[in-house]
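Work through the exercises below with the sequence and the model open. Each task is followed by a solution in steps.

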Amino acid sequence: MDNFVYSQPVKIYFGAGKLKELSSIAEQNGYKRGALISDKVFVNSGLAQSIQELTPCIAGIFSDFSPNPMLSEVVKAVEKLKQWQVDFVVALGGGSALDLAKFACSMAHAEYGIREYFFHRQEFSVKGLPLFAVPSTAGTGSEVTSVSVCNDDETGIKAPLAHKNFLPEIAIIDSELTISVPPHITASTGIDALSHALEALWSVNHQPICDLWAIHSCKLIFANLEKAYSDGNDAVARDNMSLAALFAGLAFSVTKTAGCHACSYPLSIDYKLSHGEACGFTLDSFVCLNAAAENSRLEALAREMGFCNAEALADRIFEMKKRMGMKCTLDECGIEDVDALCQKCISHPLMNNNPIKPDMSQMRQFFENLR
Ligand code: ZN
């Protein structure tokens with residue numbers, strides 16, 4: 001018997017070329033003066049400046065931050081937002097621009113120092129500046145989630161922080177922005193989206209509305225990811241991948257992620273795998289492990305997609321990763337100390353969302369199969 005609450009408060013504008021309507025979207029929603037927080041790559045390419053030309057209400061561009069945003073960089077962004085006296089913020093980029101902007105928007109009206117919030121000693125008690133999230137890749141789903149991942153300058157700690165304040169007010173999803181994404185990033189962000197969808201489906205927090213988002217997202221990814229990987233100019237495949245990443249984001253924003261994301265943190269911190277590659281590393285293995293625990297949703301999805309069972313679906317994911325040149329073995333990742341890795345994976349809080357909580361020997365076996 002189902003028993004759930006569902007809420008999705010982000011207003012979504014979707015369509016190829018949609019970003020060109022930024023000025024009228026701001027006006028329709030009653031905003032007058034904004035800032036653009038953009039990945040440096042779009043300042044170097046001139047896209048950020050042309051957005052500002054098309055959108056006269058953008059008072060300034062901030063791009064002075066690293067791919068793993070630091071708390072000191074969030075503080076610098078907040079100073080700019082205050083100096084420019086803006087009433088909304090647009091974040092354009094992959095994960096890092098959105099992560100930084102979410103935190104900066106909340107800090108613009110905050111009462112305490114940033115580390116007080118990062119280390120959970122304080123809750124945001126006032127609403128931050130409204131954020132328009134514009135993803136430039138099809139993967140993170142960050143445009144519809146309340147999570148920001150930042151790094152503390154002093155301790156080097158990298159941690160996801162979730163707060164309802166961090167939810168963007170508006171998501172503008174424009175697949176034209178993803179046309180220039182190179183193949184290896186198309187692969188890793190697409191596999192990240194597939195992890196979000198599958199983990200939402202098998203999460204212990206799953207619920208019927210998110211199941212629908214997740215199932216549809218999986219189907220779109222299987223039909224379009226390799227097309228977008230092999231021909232970046234395939235506008236239909238790009239558009240479908242943007243839709244798939246959005247649907248996966250809508251699914252996991254409620255259920256949270258599970259085993260693959262739990263393992264992704266030690267893999268990306270200790271072995272420098274990109275987020276998507278780190279999530280994908282264990283994805284097919286978790287399909288096999290979890291199908292045994294809940295042999296209804298996952299098996300049903302596999303059959304609906306034309307596979308004989310979940311294991312065949314896992315094999316297809318493995319082949320897809322290999323064909324797209326992703327790291328698939330311990331050697332390729334340079335992993336030697338399997339025990340230390342296993343310990344970190346099983347003790348990660350996200351593992352509690354997985355339908356099977358592997359013990360040390362199961363986890364060890366799991367990685368030994370990837371030799
Ligand atoms: Zn992810």
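**Exercise 1: the metal site**

Task: In this predicted model, state the spacing that the donors of the zinc ion follow along the chain, then describe the site.

Solution.
1. Along the chain, the zinc donors are spaced as D-x3-H-x64-H-x13-H.
2. The protein donors are Asp192 (OD), His196 (NE2), His261 (NE2) and His275 (NE2), and they lie 2.1 to 2.2 Å from the zinc ion.
3. Two of these donors come from distant parts of the chain: Asp192 belongs to helix α7 (residues 183–202) and His261 to helix α10 (residues 259–271), 69 residues apart.
4. The angles among the four donor atoms run from 84 to 169 degrees, and the site is irregular. A tetrahedral site would need all angles between 85 and 135 degrees.
5. Asp192 is buried at 3% relative accessibility, and His261 is buried at 5%.

**Exercise 2: the nonpolar cores**

Task: Which residues touch the most other members of the largest nonpolar core, and which helix gives the most to this core?

Solution.
1. The largest nonpolar core has 75 residues, of which Leu194, Leu198, Trp202, Val287 and Phe367 touch the most other members.
2. Helix α9 (residues 235–255) gives the most to this core, contributing 10 residues.
3. Domain 1 (11–177) and domain 2 (181–368) each supply at least three residues to this core.
4. A second core, separate from the largest one, holds 33 residues, including Phe62, Val86, Ala104 and Ile114.
5. Leaving aside residues up to four places away in sequence, Leu194 touches Cys218, Ile221, Phe222, Leu283, Ile317 and Met320.

**Exercise 3: the salt bridges**

Task: How many salt bridges does a search of the whole structure find, and which parts of the chain do the pairs Arg115–Asp152 and Asp284–Lys321 join?

Solution.
1. The search finds 14 salt bridges.
2. One of them joins the side chains of Arg115 and Asp152 at 2.7 Å, N to O. Arg115 lies in helix α6 (residues 114–118) and Asp152 in the loop between β6 (147–151) and β7 (158–162), so this pair ties together parts 37 residues apart in sequence.
3. Arg115 is partly exposed at 25% relative accessibility, whereas Asp152 is buried at 1%.
4. Arg115 and Asp152 are linked with Glu154 in a network of salt bridges.
5. Asp284 and Lys321 also form a salt bridge, with their closest N and O atoms 2.7 Å apart. Asp284 is in helix α12 (residues 283–293) and Lys321 in helix α14 (residues 310–323), 37 residues apart.
6. Asp284 is buried at 8% relative accessibility, and Lys321 is buried at 1%.

Terms used
Residues numbered from 1 in each chain as written. Predicted model: local features only at pLDDT ≥ 70, side-chain atom pairs only at ≥ 80, totals over all residues. Heavy atoms only, no water. Donors = N, O, S within 2.8 Å, 3.2 Å for Na, K, Ca; no water. Tetrahedral: all angles 85-135°; square planar, octahedral: opposite > 155°, others 65-115°. Helix = DSSP H or I, 4+ residues; strand = E, 2+ residues; numbered from the N terminus. Buried < 20%, exposed > 50% of the residue type's maximum accessible area, 1.4 Å probe, protein only. Core = buried A, V, L, I, M, F, W, Y, C linked by side-chain atoms within 4.5 Å. Domains from an automatic or database assignment. Contact = heavy atoms within 4.5 Å. Salt bridge = Lys/Arg side-chain N within 4 Å of Asp/Glu carboxyl O.
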